[in-house]
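Biologist: Got a minute to go through this one with me? I'd like to hear the reasoning behind the labels.

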Amino acid sequence: MTNFTIASFNVKNLIGPDNEYYEFQKYTPEEHAWKAAWLADQLVTMDADIVCFQEIFEEDALREVIQEADELGEDINEIAVPDRSKRYHRKAIFRKLAYKAYGDAGLAFAPNVNDTGEPGKRRPGVAILSRFGFVGEPEVLQDLDTPVDVPFFDFDGSDAGKFTITRLSRPVLKTRIPVGDQTITVFTCHLKSKLGEFSRTKGQEFPPEADLTNYDAVGRAMGSMRAAVRRMAEAWVIRREIVAELEKGHPVMITGDFNDGENAVSSEIISGEHPFKNYSWMLRHDAKASNDRYSKDENEQITTDINAVKLTSAESQFVRKSSRDMVYTSAFGGVFESIDQIYMSPHFDPSVAGHIGEMEYFSVLNDHLTDGSHAEAPYNKLASDHGQIIAHMRLGQKAGS
């Protein structure tokens with residue numbers, strides 16, 4: 001049996017001090033020191049073997065946080081973990097409490113190709129930290145070799161235009177990580193946010209919809225629609241990569257900031273569709289009569305094919321196993337929701353024959369979240385505005401599985 005943990009951590013705009021990331025936004029040296037210390041403390045608390053990060057502007061800033069976490073963890077070990085001179089040093093609890101430094105870990109960073117380095121107009125990337133290192137070179141997906149065209153059709157089948165995507169708003173990082181006797185393909189992503197996309201013509205200083213003193217409800221709704229379409233197109237690009245890995249027989253896990261809940265269309269595009277309860281009840285795609293339905297054998301084949309490439313979320317597995325009412329990783333304007341996810345392939349589903357492992361527990365660190373509708377919310381601007389999620393995994397089947 002091999003146990004490991006995998007986590008997702010949106011750090012909220014990690015960059016060095018005095019570097020303007022968005023317009024008029026930067027950290028003083030003191031603010032940066034506070035933020036780095038907070039992030040390091042969270043890393044120590046998580047103590048995850050694989051950590052997938054979002055909103056990383058500079059790799060050096062992340063490396064400094066990891067080093068600070070190691071120093072803090074080692075200080076805690078000095079106090080809390082007994083040396084061999086103590087007769088009780090072998091107690092299992094101390095193995096659980098001991099922090100394992102990331103000194104020899106692998107770190108893969110994917111900068112954002114939209115990031116020109118211009119102050120005030122920076123764009124964040126993603127990263128993966130692995131105590132197990134990596135197999136081969138990490139891959140970055142952002143600029144698409146072939147643009148993705150999403151055609152639309154009227155109900156009579158005539159052309160109704162298309163949406164084309166040539167570049168993802170943020171990079172997707174793909175790594176292969178050796179864990180025990182397995183190699184797991186791990187993706188991390190940060191899909192387009194719900195913030196509206198507003199266009200401006202040449203010579204305009206800002207999009208008209210950005211002027212809230214002349215509020216344009218219809219124009220802003222169009223901006224939200226653009227953002228949603230882009231997010232779903234990005235999800236499809238990721239889904240294509242996941243299915244390619246699954247068809248090669250590779251175990252897959254994907255983590256990140258999906259900017260949508262588990263049941264949103266974009267999330268379901270990534271995870272795959274749920275099979276219908278019984279396709280023998282459904283009219284065939286080529287039905288010639290009202291009773292022309294799929295056979296029992298076809299029902300089993302269709303269900304098997306769908307489940308073979310379907311991902312399940314760690315959160316949903318946890319909720320099914322526990323009496324917990326709710327999990328959330330984001331709180332804003334009175335809305336509490338989970339927009340950060342860890343999804344895993346059927347290889348980690350104990351109900352699937354031949355599974356290689358399963359999730360034992362799921363942790364959420366969200367006590368730091370302050371609902372943005374509260375007056376005191378800005379005080380927390382240096383902490384992350386996301387909760388951190390950790391899946392506690394075990395490789396190897398239980399006896400009798």
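Modeller: Sure. It's a predicted model, and a handy place to start is strand 8 with strand 12 (residues 340–344), which pair in the antiparallel sense over five bridges.

Biologist: What makes strand 8 and strand 12 a pair?

Modeller: The cut-off is at least two bridges, and strand 8 and strand 12 have five, so they count as paired. Within strand 12, Ile-342 is the bridge partner of Thr-255.

Biologist: And which sense do strand 7 and strand 8 pair in?

Modeller: Strand 7 (residues 182–190) runs parallel to strand 8, with six bridges. Val-186, for instance, has Met-253 in strand 8 as its bridge partner. Between the two strands the chain passes through helix 4 (residues 217–247), and that β-α-β crossover is right-handed.

Biologist: How many residues of strand 8 are buried?

Modeller: Six of six, with the strand spanning residues 252–257. Val-252, Ile-254 and Gly-256 are buried on one side, and Met-253, Thr-255 and Asp-257 on the other, so both faces are covered.

Biologist: Now Phe-53 in strand 2 (residues 50–56). Why is Phe-53 called buried?

Modeller: Buried means under 20% relative accessible area. Phe-53 has 1%, so the label fits.

Biologist: What is Phe-53 in contact with, leaving aside neighbours within four places in sequence?

Modeller: Phe-9, Val-11, Leu-43, Leu-62, Val-126, Ala-127, Leu-129 and Thr-188. As for Ala-7, it sits 46 residues from Phe-53 in sequence but 8.6 Å away in space, C-alpha to C-alpha.

Methods: Residues are numbered from 1 along each chain as its sequence is written. This is a predicted model: local features need pLDDT of at least 70, side-chain atom pairs count only at pLDDT 80 or more; totals for chains, interfaces and linings use all residues. Side-chain values use heavy atoms; hydrogens and water are left out. Helices (H or I, at least four residues) and strands (E, at least two) are DSSP runs, numbered from the N terminus. Buried means under 20% relative accessible area, exposed over 50%, partly exposed in between (1.4 Å probe, protein chains only). Contact means heavy atoms within 4.5 Å. A crossover is right-handed if, with the strands pointing away from the viewer, the path from the first strand over the helix to the second runs clockwise.
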